[in-house]
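Hi,

Here is the structure I said I would pass on. Have a look at it first, and my notes follow below.

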Amino acid sequence: MTREPSLRERKKLATRAALSRAAWSLMVKRGLEAATPEAIAAAADVSPRTFRNYFASREEAILDSLVRSGPSLLDAMRARPMEEPPWDSLTQVLPSFAAQFVGQRDNIAVLMRVIGEQPSMQAQHLVTYKQADQQLAELIAERTGTDAERDMTARLLAAAAAAVLRTSMEMWAKGDTDVALPDLVREGLLRVRAGLPTGAPVAASQPSPAV
């Protein structure tokens, strides 16, 4: 049975969420350079020391909402029937999850641009996705009765799902498609399941030998 968080724990979670929202808002509205720890703390109405108690960097604070969205995805996966194959569960859960946690397209476009331009954001983004991959792999292994450290299938499924989500978000945010994000994620999952072409070049037709 899951224990309800105490009042102190709820306050700490609320403070962390407020700092993350402030960091995100500053980055979107004024750019990464404006999102200093001091500015984030002031926007959340706490001290800079409080900020440092929760986050090691502004990059961590900005991307924390992605980290915190992980448990909701895992909970949705756990709510699926145990006998359902993991990829079927992902196909049912991931598209709606993407729509819920991503937010406005323009804001995600800013995030993608900043990640592409700033090595510090690239590094934190990789850490964030690695954490998500590990959590999802552990859940898939749990549902299939295997060990995430030893079972390649669980790790590959988690990595493939993360790649579909990341690619869909990038295409959607950059305006490379008019397809809605949930539909794009669903299409990506279906394509991976069907088997992607290997990209091998098609052999050029050879002229018939002279007779």
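One definition before the rest: a polar contact here is a pair of N or O atoms within 3.5 Å, where, within protein, one must be able to donate a hydrogen and the other to accept it. Also keep in mind that this is a predicted model.

That cut-off comes up at the start of helix 8. Asp 151 caps the N-terminal end of this helix, with a side-chain oxygen 3.1 Å from the backbone nitrogen of Thr 153. After the helix comes Gly 175, which has a positive phi, near 75°.

I spent most of my time on helix 8, which covers residues 152-173. With 22 residues at 1.5 Å each, helix 8 should span 32 Å, and the 31 Å between its end C-alpha atoms agrees with that.

Which residues of helix 8 are buried? The list is Ala 154, Ala 158, Ala 161, Ala 162, Val 164, Leu 165, Ser 168, Met 169, Trp 172 and Ala 173. Viewed down the helix axis, these buried residues fall within an arc of 150°, so they line one face. The general background is that an α-helix has 3.6 residues a turn, so residues three or four places apart point the same way. On the other side of helix 8, Met 152 and Leu 156 are exposed.

What does the buried face pack against? The buried residues of helix 8 pack against helix 5 (86-102), helix 6 (105-117), helix 7 (119-144) and helix 9 (181-194). Ser 168 is one of those buried residues, with a relative accessible area of 4%. Not counting residues up to four places away in sequence, Ser 168 touches Leu 181, Leu 184 and Val 185.

Now the core. The largest nonpolar core has 55 residues, and Met 27, Ile 40, Leu 94, Ile 108, Met 121, Met 169 and Val 185 have the most contacts inside it. Helix 8 supplies the largest share of this core, 9 residues. For Ile 108, leaving aside neighbours within four places in sequence, the contacts are Trp 24, Val 102, Met 169, Trp 172 and Ala 173.

For contrast, try Lys 130 in helix 7. Is Lys 130 buried or exposed? Lys 130 is exposed, because its relative accessible area is 64% and the cut-off for exposed is over 50%. Lys 130 and Pro 95 are 35 residues apart in sequence, and their C-alpha atoms are 20 Å apart in space.

Cheers

Methods
Residues are numbered from 1 along each chain as its sequence is written. This is a predicted model: local features need pLDDT of at least 70, side-chain atom pairs count only at pLDDT 80 or more; totals for chains, interfaces and linings use all residues. Side-chain values use heavy atoms; hydrogens and water are left out. A nonpolar core is a set of buried Ala, Val, Leu, Ile, Met, Phe, Trp, Tyr and Cys residues joined through side-chain atoms within 4.5 Å. Buried means under 20% relative accessible area, exposed over 50%, partly exposed in between (1.4 Å probe, protein chains only). Helices (H or I, at least four residues) and strands (E, at least two) are DSSP runs, numbered from the N terminus. Contact means heavy atoms within 4.5 Å. The expected span of a helix is 1.5 Å times one less than its number of residues. The arc is that of the directions from the helix axis to the C-beta atoms.
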